[in-house]
Amino acid sequence: MMRIVAVLFSVAFLAWGCQKEAEKGAEKTAQQAEQEKKQETPKPAPGQDTPTDDTAKPSEHAHGDEHEHGEEDHEKTAPTLSDAPLDEKLGEPLSGAEGVDVLDLSKNPSAYAGKTIRIEGTVTDMCYHRRGWFGIASSDNSRVIRVIAMPKFQVPETAVGSRAIAEGVVEVQTIPAEEVPHYRESHKFIADDEVAADGTISQAIVRVSGAEFKR
């Protein structure tokens, strides 16, 4: 009799254990299903926009400030040529700085490095994209000195062909050999005899304080 009771108790205990395992399994399956449901990205209904990802990387910034040796004109823009009158005074008033001949400054840049000077001549070139600089030619048109206008002011759109007087500090900069073709193609401020044996160009620029344009 006792043996029969023990057998029945064992059978009942095993059945209870199996039921608990089944309940645990069902609960685990329900939790997994809920997690998978949360991880799924719902497809938009017809006519709805696809959800955006706020963690996506921002697009690359466009070019910022003017390139050290001019602007990077990936899209060429023709200069605005005009015969209309032009009379503008931009930046700081001219202070009567020492006048320097454009040709002399171009051929002897190191002699004027760091000095505040004044140059004068016809504007034959400019930054057409950002209007950040303009070029003043020597009297024989063989050399051009670039005058960096930004951040003081933007060059007038019709500056090419006008007469300009500019004052500022002289800096001597080197154009790497690999960049020379770009400026030869896009601008006029490079003379053949400026190119050194290694292909680089050492040029004087004037970082302007003020300028006047007249036509």
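The dialogue below introduces a predicted model of one protein chain.

Visitor: Where should a reader begin, and how many helices and strands are there in the chain?

Guide: One begins with the elements and their order. This predicted model has three helices and seven strands. Along the sequence they follow the pattern α-β-β-α-β-β-β-β-α-β.

Visitor: What percentage of the residues of the chain count as buried?

Guide: The chain has 215 residues, and 33% of them count as buried. The surface can be read alongside that value: the chain exposes about 14,200 Å², with 52% of that area supplied by carbon and sulfur atoms.

Visitor: What do the contacts in the chain say about residues far apart in sequence?

Guide: One takes the contacts between residues at least 6 apart in sequence and asks what share spans a longer stretch. Here, 74% of those contacts join residues at least 24 apart.

Visitor: Which strands does β6 pair with, and in what direction do they run?

Guide: Pairing is read from the bridges between strands. Strand β6, residues 163-175, is joined to β3 by seven bridges, and the two run antiparallel. With β7, residues 201-214, strand β6 shares 13 bridges, again in an antiparallel arrangement. Individual positions can be matched as well: T122 stands opposite R163 in β6, and A166 stands opposite A211 in β7.

Visitor: How are side chains arranged along a strand?

Guide: As a general idea, the side chains of a regular strand alternate between the two faces of the sheet.

Visitor: How much space lies in the largest pocket, and which residues are closest to its centre?

Guide: The largest pocket holds about 160 Å³ of space. Its lining has 15 residues, of which V102, E120, G121, A137 and R163 are the closest to the centre.

Visitor: Which elements supply the lining of the largest pocket, and which classes of residue does the lining have?

Guide: Helix α2 (102-107) and strand β3 (116-126) each supply at least two lining residues. The most comes from β3, which gives five. By class, the lining has five nonpolar, six polar and four charged residues.

Visitor: Is S138 buried or exposed?

Guide: The relative accessible area decides the matter. S138 is buried because its relative accessible area is 4%, and the cut-off for buried is under 20%. This residue lies in the loop between β4 (133-137) and β5 (144-148).

Visitor: Which residues is S138 in contact with, apart from its neighbours in sequence?

Guide: When neighbours within four places in sequence are left aside, S138 is in contact with V102, L103 and R143. A distance between C-alpha atoms may also be read: those of S138 and T122 are separated by 7.9 Å, while the two residues are 16 apart along the chain.

Visitor: Which residues other than glycine have a positive phi, and where do they lie?

Guide: Two cases may be given. R131, in the loop between β3 and β4, has phi near 55°. N141, in the loop between β4 and β5, has phi near 60°. As to accessibility, R131 is partly exposed, with a relative accessible area of 22%, whereas N141 is exposed at 59%.

Visitor: What is the peptide bond from M150 to P151, cis or trans?

Guide: The angle omega is the value to read here. The bond from M150 to P151 is cis, with omega near 10°. P151 has its place in the loop between β5 and β6.

Definitions and conventions:
Residues are numbered from 1 along each chain as its sequence is written. This is a predicted model: local features need pLDDT of at least 70, side-chain atom pairs count only at pLDDT 80 or more; totals for chains, interfaces and linings use all residues. Side-chain values use heavy atoms; hydrogens and water are left out. Helices (H or I, at least four residues) and strands (E, at least two) are DSSP runs, numbered from the N terminus. Buried means under 20% relative accessible area, exposed over 50%, partly exposed in between (1.4 Å probe, protein chains only). Contact means heavy atoms within 4.5 Å. Accessible areas come from the Shrake-Rupley method with a 1.4 Å probe; for residues, only the protein chains shown count as cover. On a 1 Å grid over the protein atoms alone, a cavity is a set of points where a 1.4 Å probe fits but cannot get out, and a pocket is an open set with protein on both sides within 12 Å along at least five of seven lines; lining residues have an atom within 4 Å of a point. Grid points are joined across faces, edges and corners, and a volume is the space filled by probe spheres set on the points. Ala, Val, Leu, Ile, Met, Phe, Trp, Tyr, Cys and Pro count as nonpolar, Asp, Glu, Lys and Arg as charged, and the others, Gly among them, as polar. Two strands pair if DSSP finds at least two bridges between them.
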